[in-house]
Every structure is written in C-alpha cells, then in structure tokens.
Amino acid sequence: MFVYFRSSMQERYVWGNSVTNRPIIGITCFIRETVYGNWHRNAAILPSAYISAIGRVGGTPLIIPPAGNMNGTLDMIDGLVVSGGPDLCPGTYNQKPEAMTKEFYPEQDQTELALISEALDREIPFLGVCTVSYTHLRAHETEADRVSRLLLEKKEGGGGGGGGG
C-alpha cells in the first residue's frame with residue numbers, strides 16, 4: 001500500500017462538495033466475468049470493503065470503471081483510491097509475459113495509469129493499493145521524494161528497491 005499526499009494540498013484544498021459537505025472519493029474498480037444468481041456476465045465489481053471504509057471515515061464513494069479516459073472524473077472528486085488488482089500488463093513497460101504472469105487487464109491498467117498521472121499533475125490526494133500505483137509513483141518521484149523514501153525504508157529495515165502492495 002502506498003499513500004500519496006502533498007502537504008501543499010492541506011493549505012489550499014477544501015474537502016467536500018456543496019451538496020453533501022463530505023469529500024467525494026473516487027475508487028477504481030474492475031470489469032470481470034461475474035455470477036450472481038442466474039446472471040452470468042461481465043460486470044463492474046469492487047470489494048465492498050473499499051466502499052464501507054470510505055463511508056466510515058466520512059467520505060462519499062464514487063466508483064470509477066476502467067472505461068477508457070476517465071480523467072474527467074477527477075473534476076468531481078476530492079481524492080482517489082486506486083484499488084489495484086492483478087499484475088500490470090507487461091506490454092505497458094515493453095515486455096512480454098513470463099510464465100508466472102497469468103492474469104492482467106490492459107484496459108484497467110491504461111485507465112488507472114492515466115488517472116494516477118493526472119491526479120499527480122493536479123495534486124489530488126490518492127491511495128494506491130498494489131503494484132500499479134507503486135510502479136507509476138516511482139516514475140514521478142523527485143529526488144527529494146526518493147531521498148525521503150530511501151531514508152524511511154532504511155529506518156523501517158527495508159531494502160531500497162521494493163515492491164508495492
């Protein structure tokens with residue numbers, strides 16, 4: 001798990017919207033083959049724990065599907081949770097799948113990576129769960145971020161290269 005929040009946001013960011021006065025938190029979801037009763041089809045799914053957790057801390061969840069360019073959704077939210085999932089598609093970083101790479105979804109990767117990049121550009125706070133978020137954050141890391149991360153990893157007894165969720 002990796003949390004990204006710039007302190008400058010605390011000075012200028014106003015949480016909530018005019019209707020609910022609660023922060024709207026976007027959560028990415030997956031499209032998967034799903035069975036519900038006699039219903040057997042692709043569906044947008046998300047573990048309900050994400051929705052419950054955001055509600056418990058006073059937020060309003062907004063589910064964001066992997067449906068192409070969803071960056072306009074960032075205009076409607078106060079924070080973003082990238083819920084993660086299976087492996088990042090090796091084609092994303094110009095590689096071929098290896099034997100251990102069994103499940104990946106390029107459409108989900110493209111949507112999530114675009115949302116993360118745009119959230120970074122807009123300084124929207126976000127929580128990234130698992131590999132997709134960690135990998136992309138490292139690509140945007142400044143020298144100061146890198147030094148801070150390495151010092152923290154050293155303090156916690158971790159290595160310097162490590163993985164995500």
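A strand, as I use the word today, is a DSSP run of E with at least two residues, and strands are numbered from the N terminus. By that count L127 sits in strand 7, residues 126-128. Keep in mind that the model is predicted.

Let me stay with L127 for a moment. Its relative accessibility is 24%, so L127 counts as partly exposed, given that buried means under 20%. The C-alpha atoms of L127 and V82 are separated by 6.3 Å, while the two residues are 45 apart along the chain.

Next, the salt bridges. How many does a search of the whole structure find? The search finds two. As general background, side chains of opposite charge can pair when their charged atoms come close.

One of the two joins R122 to D75, and the closest N and O atoms there are 2.6 Å apart. R122 belongs to helix 3, residues 106-122, whereas D75 is in the loop between strand 5 (60-64) and strand 6 (79-82), so this pair ties together parts that are 47 residues apart in sequence. Are these two residues buried or exposed? R122 has a relative accessibility of 29% and counts as partly exposed. D75 has a relative accessible area of 59%, which makes D75 exposed.

There is also a salt bridge between the side chains of E118 and R122, at 2.9 Å from N to O. Both residues are in helix 3, and because they are four residues apart, about one helical turn separates them. E118 has a relative accessible area of 23% and is partly exposed. Since the salt bridges share partners, D75, E118 and R122 are joined into one network. R122 appears in the bridge to D75 and again in the bridge to E118.

Last, the strand pairing earlier in the chain. Strand 3 covers residues 30-36 and strand 4 covers residues 39-45; they pair in the antiparallel sense over seven bridges. Which residue of strand 4 is the bridge partner of I31? That partner is A44. Strand 3 and strand 4 form a hairpin, with two residues between them. In the turn, G37 has a positive phi of about 60 degrees. A general point for anyone looking at side chains here: in a regular strand they alternate between the two faces of the sheet.

To recap, the salt bridges put D75, E118 and R122 in one network, and strands 3 and 4 make a hairpin.

Key
Residues are numbered from 1 along each chain as its sequence is written. This is a predicted model: local features need pLDDT of at least 70, side-chain atom pairs count only at pLDDT 80 or more; totals for chains, interfaces and linings use all residues. Side-chain values use heavy atoms; hydrogens and water are left out. A salt bridge is a side-chain nitrogen of Lys or Arg within 4 Å of a carboxyl oxygen of Asp or Glu. Buried means under 20% relative accessible area, exposed over 50%, partly exposed in between (1.4 Å probe, protein chains only). Two strands pair if DSSP finds at least two bridges between them.
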